[in-house]
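Load the coordinates and keep the sequence at hand. The tour below moves from the sheet to a helix, then to a pocket and a few backbone details.

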Amino acid sequence: EKGVPRKRVLEMNLEAARFFRACLFDPNIGAVGMDYFKRQRRLSEATIKHFGLGYAPNDFGALRKHMHQKGYTDDELIAAYLCGRSQKGNVYDLFRNRVMFPIIDTSGNVVAFGGRVMDDSKPKYLNSNETVIFNKRKNLFGLNFAKKTKEPNMILVEGNIDVVALH
């Protein structure tokens with residue numbers, strides 16, 4: 001928002017999804033996330049790739065630094081709900097130490113993210129706020145795959161991991 005064009009936010013989200021995915025597949029960064037998906041949730045690597053799953057490092061500035069290198073500003077990152085600003089004015093990554101689920105619309109655009117902790121800490125899920133490209137009432141995780149099916153029946157489940165497991 002704050003005047004950031006829709007196209008720019010879509011580009012930022014795609015880049016953030018690529019970053020989270022690269023982190024997941026980097027054994028030095030994403031081992032904890034990969035362990036969660038493969039051992040705890042018993043997901044195959046093919047399933048992990050199919051859904052574009054990722055990992056947000058346990059770092060207050062990893063995504064921000066990466067996005068700065070790609071030419072995005074703090075104000076843009078805040079508008080896209082990828083970063084937040086502390087009361088002291090410091091900009092920080094909103095998603096940290098979480099497995100990441102990109103929310104993809106029926107046109108194939110990454111419009112938001114759901115981040116889930118891998119332990120019992122709270123909040124269990126941290127989801128993107130509504131932005132210029134994301135309306136919570138009009139988008140669901142996995143809807144992009146549901147749209148492609150010829151199956152007349154669909155099952156609505158609560159958690160992102162439930163969507164992946166049922167697929």
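Two strands pair if DSSP finds at least two bridges between them. Helices (H or I, at least four residues) and strands (E, at least two) are themselves DSSP runs, numbered from the N terminus. The model is predicted, so local features need pLDDT of at least 70 and side-chain atom pairs count only at pLDDT 80 or more, while totals for chains, interfaces and linings use all residues. Residues are numbered from 1 along each chain as its sequence is written, and side-chain values use heavy atoms, with hydrogens and water left out.

Start with the sheet. It is open and has four strands in the order E1-E4-E5-E6, with antiparallel pairing. Strand E1 (54–56) and strand E6 (125–127) stand at the edges. Each has a single partner strand, so one side of each is left without a neighbour in the sheet. Neighbouring strands are turned by 35 degrees against each other on average, direction ignored. Here axes are lines fitted to C-alpha atoms, for helices over the stretch in contact, and angles run from 0 to 180 degrees between N-to-C directions.

Now walk across the sheet. E1 and E4 run antiparallel and are joined by three bridges. Ala56 has Arg98 in E4 as its bridge partner. Next, E4 pairs with strand E5 (residues 110–116) over six bridges, again in the antiparallel sense. Ile103 stands opposite Ala112 in E5. The hairpin of E4 and E5 has five residues between the strands, and Gly108 there takes a positive phi near 90 degrees. Three bridges then join E5 to E6, and these two run antiparallel. In E6, Tyr125 is found opposite Arg116.

How enclosed is E4? Seven of its seven residues are buried, so E4 is largely enclosed by the rest of the structure. Buried means under 20% relative accessible area, exposed over 50%, partly exposed in between (1.4 Å probe, protein chains only). In a regular strand the side chains alternate between the two faces of the sheet. In E4, Arg98, Met100, Pro102 and Ile104 point one way, while Val99, Phe101 and Ile103 point the other way. Val99 has a relative accessible area of 0%. Its C-alpha atom is separated by 20 Å from that of Phe134, 35 residues apart along the chain.

E5 is mostly covered too, with seven of its seven residues buried. Gly115 is found in this strand. Its relative accessible area is 0%. The C-alpha atoms of Gly115 and Arg96 are separated by 8.4 Å, although the two are 19 residues apart along the chain.

Turn to helix H1 (residues 6–25). The expected span of a helix is 1.5 Å times one less than its number of residues. For the 20 residues of H1 that gives 28 Å, and the end C-alpha atoms are 29 Å apart, which agrees. Among the buried residues of H1 are Val9, Leu10, Met12, Phe19 and Phe20, and also the polar-headed Asn13 and Glu15. H1 also contributes to a pocket. On a 1 Å grid over the protein atoms alone, a cavity is a set of points where a 1.4 Å probe fits but cannot get out, and a pocket is an open set with protein on both sides within 12 Å along at least five of seven lines; lining residues have an atom within 4 Å of a point. The second largest pocket holds about 170 Å³ of space. Grid points are joined across faces, edges and corners, and a volume is the space filled by probe spheres set on the points.

Which residues lie nearest the centre of this pocket? They are Leu14, Ala17, Gly52, Ile104 and Val110, out of 13 lining residues. H1, helix H3 (45–50) and strand E4 (98–104) each supply at least two residues of the lining. The largest share, four residues, comes from H1. By type, the lining divides into seven nonpolar, three polar and three charged residues. Ala, Val, Leu, Ile, Met, Phe, Trp, Tyr, Cys and Pro count as nonpolar, Asp, Glu, Lys and Arg as charged, and the others, Gly among them, as polar.

Finish with the backbone. Most residues other than glycine have a negative phi, and most peptide bonds are trans. Arg42 is not a glycine, yet has a positive phi of about 55 degrees. Arg42 lies in the loop between helix H2 (27–40) and H3, and is exposed at a relative accessible area of 70%. Tyr81 has a positive phi as well, near 60 degrees. Tyr81 is found in the loop between helix H5 (74–79) and strand E2 (83–85), and counts as buried at 18% relative accessibility. Last comes the peptide bond from Lys122 to Pro123, which is cis with omega near -5 degrees. Pro123 lies in the loop between E5 and E6.
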